[in-house]
Amino acid sequence: MNILKAEDISVSYDSSLVIKDVSLNLNKGEVVCLLGASGIGKSTLFGVLSGVHLPDLGRVFLKGKEITGKAGEISYMQQRDLLLPYKTIMENVSLPLIINGASKKDAYMAAGAYFESFGLTGCEKKYPNQLSGGMRQRAALLRTYLFKSDIILLDEPFSDLDVITKHAMQTWFLSIAEKLGVTALFITHDIDEAIFLSDRIYVMTGKPGKIANEINILSQKPRQAEFAVSAEFNAYKRKIMDILKNDSFFSFVGL
Ligand SMILES: Nc1ncnc2c1ncn2[C@@H]1O[C@H](COP(=O)(O)OP(=O)(O)OP(=O)(O)O)[C@@H](O)[C@H]1O
Ligand SMILES: [Mg+2]
């Protein structure tokens, strides 16, 4: 079932076109990635999908209902996790439930049920600066998930982590997404991450940014670490590298 649909989105800043005619869709239970170079317009597109940015042209639909320019319909984890430093992890993650009207007691109980799955047991009363980077990102992911919208948008959730933590987080994310039946659209400029996590990848290229290709990753889930070193994985990587190699966005480096 199609949950999210964006039609012909164009956005400009200061009369310079950043993204042009971008259309995409997301089906229930899919993990889909938006892959593209830094500055191509990925976060801008997420701003439009989440309703915080009104596009010059184009429309966004959530389960058939138009939500263009309407914030609060879709959970959105921004590029920098924004845990409140003066609130405990429990206070931070239960915030969406309290905003939605739950009592503190009910919110803590509901949020507490996920602490083990999100690897946060024992962190309830800690403050964000007492957690590792990976734990902070898992707390931010839990908070995003608890908004309980039908879909979550994740803007480079793992990009600031070291390679070892990043890989552990990716494997964990696949298992939790499967377990909770999450539908997610996430941004990355890491090709390996896109292939490892996605059911489908939209590759953005050009200036203004457009969707150049859509690639289905057919490898079955759950995926094991071996997938990341398989011939199948490398074939996908080659295909994506070839698309990016011809990206006019990089014309300045003469590739
Ligand atoms: N508020 C703004 N005002 C003016 N220009 C902006 C604004 N936000 C973004 N831009 C410009 O729009 C372009 C796309 O930015 P955006 O943040 O969407 O890229 P991105 O693909 O998310 O990059 P990254 O991977 O580095 O996060 C960039 O050239 C950026 O400078
Ligand atoms: Mg960005």
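Here is a short chat about the pockets, the ligand and the salt bridges of this predicted model.

Colleague: Let's start with the ligand: which helix gives the most residues to the shell around ligand 1?
Modeller: The shell has 13 residues, and S38, G39, K42, S43 and T44 are the closest. Three residues of the shell come from one helix, residues 42-49, and no element gives more. That helix is α1.

Colleague: What is the distance from the side chain of K42 to an oxygen atom of ligand 1?
Modeller: There are a few polar contacts to look at here. Y13 has a polar side-chain atom 3.5 Å from a nitrogen atom of the ligand, and G41 uses a backbone N or O atom, 3.0 Å from a ligand oxygen. For K42, an N or O atom of the side chain pairs with an oxygen atom of ligand 1, and the distance is 2.8 Å.

Colleague: How much of the accessible area of ligand 1 does the protein cover?
Modeller: Taken on its own, ligand 1 has 640 Å² of accessible area. The shell around the ligand is made up of seven polar, four nonpolar and two charged residues. The share of the ligand's area that the protein covers is 59%.

Colleague: Now the pockets: how many nonpolar residues are in the lining of the largest pocket?
Modeller: That pocket holds about 410 Å³ of space. Its lining has 23 residues, with I74, S75, Y76, M77 and F147 nearest the centre, and β6 (75-77), α3 (95-99) and α5 (133-145) each give two or more residues. By class, the lining has four charged residues, seven polar ones and, for the nonpolar class, 12.

Colleague: And what volume does the second largest pocket have?
Modeller: Residues lining this one include I3, K28, Y145, D150 and T183. The lining splits into six nonpolar, three polar and three charged residues. As for the volume of the second largest pocket, the value is about 170 Å³.

Colleague: Last topic, salt bridges: which residue does R200 pair with?
Modeller: The structure has 11 salt bridges, and R200 takes part in one whose closest N and O atoms are 2.9 Å apart. R200 is in strand β9 (residues 200-205), while the partner sits in the loop between β2 (16-27) and β3 (31-35). The pair links distant parts of the chain, 170 residues apart. The partner of R200 is E30.

Definitions and conventions. Residues are numbered from 1 along each chain as its sequence is written. Chains are lettered from A and ligands numbered from 1 in the order in which they are written. This is a predicted model: local features need pLDDT of at least 70, side-chain atom pairs count only at pLDDT 80 or more; totals for chains, interfaces and linings use all residues. Side-chain values use heavy atoms; hydrogens and water are left out. On a 1 Å grid over the protein atoms alone, a cavity is a set of points where a 1.4 Å probe fits but cannot get out, and a pocket is an open set with protein on both sides within 12 Å along at least five of seven lines; lining residues have an atom within 4 Å of a point. Grid points are joined across faces, edges and corners, and a volume is the space filled by probe spheres set on the points. Helices (H or I, at least four residues) and strands (E, at least two) are DSSP runs, numbered from the N terminus. Ala, Val, Leu, Ile, Met, Phe, Trp, Tyr, Cys and Pro count as nonpolar, Asp, Glu, Lys and Arg as charged, and the others, Gly among them, as polar. A residue is near a molecule or strand if one of its heavy atoms lies within 4 Å of it. A polar contact is a pair of N or O atoms within 3.5 Å; within protein, one must be able to donate a hydrogen and the other to accept it, and residues adjacent in sequence count only if both atoms are side-chain atoms. Accessible areas come from the Shrake-Rupley method with a 1.4 Å probe; for residues, only the protein chains shown count as cover. A salt bridge is a side-chain nitrogen of Lys or Arg within 4 Å of a carboxyl oxygen of Asp or Glu.
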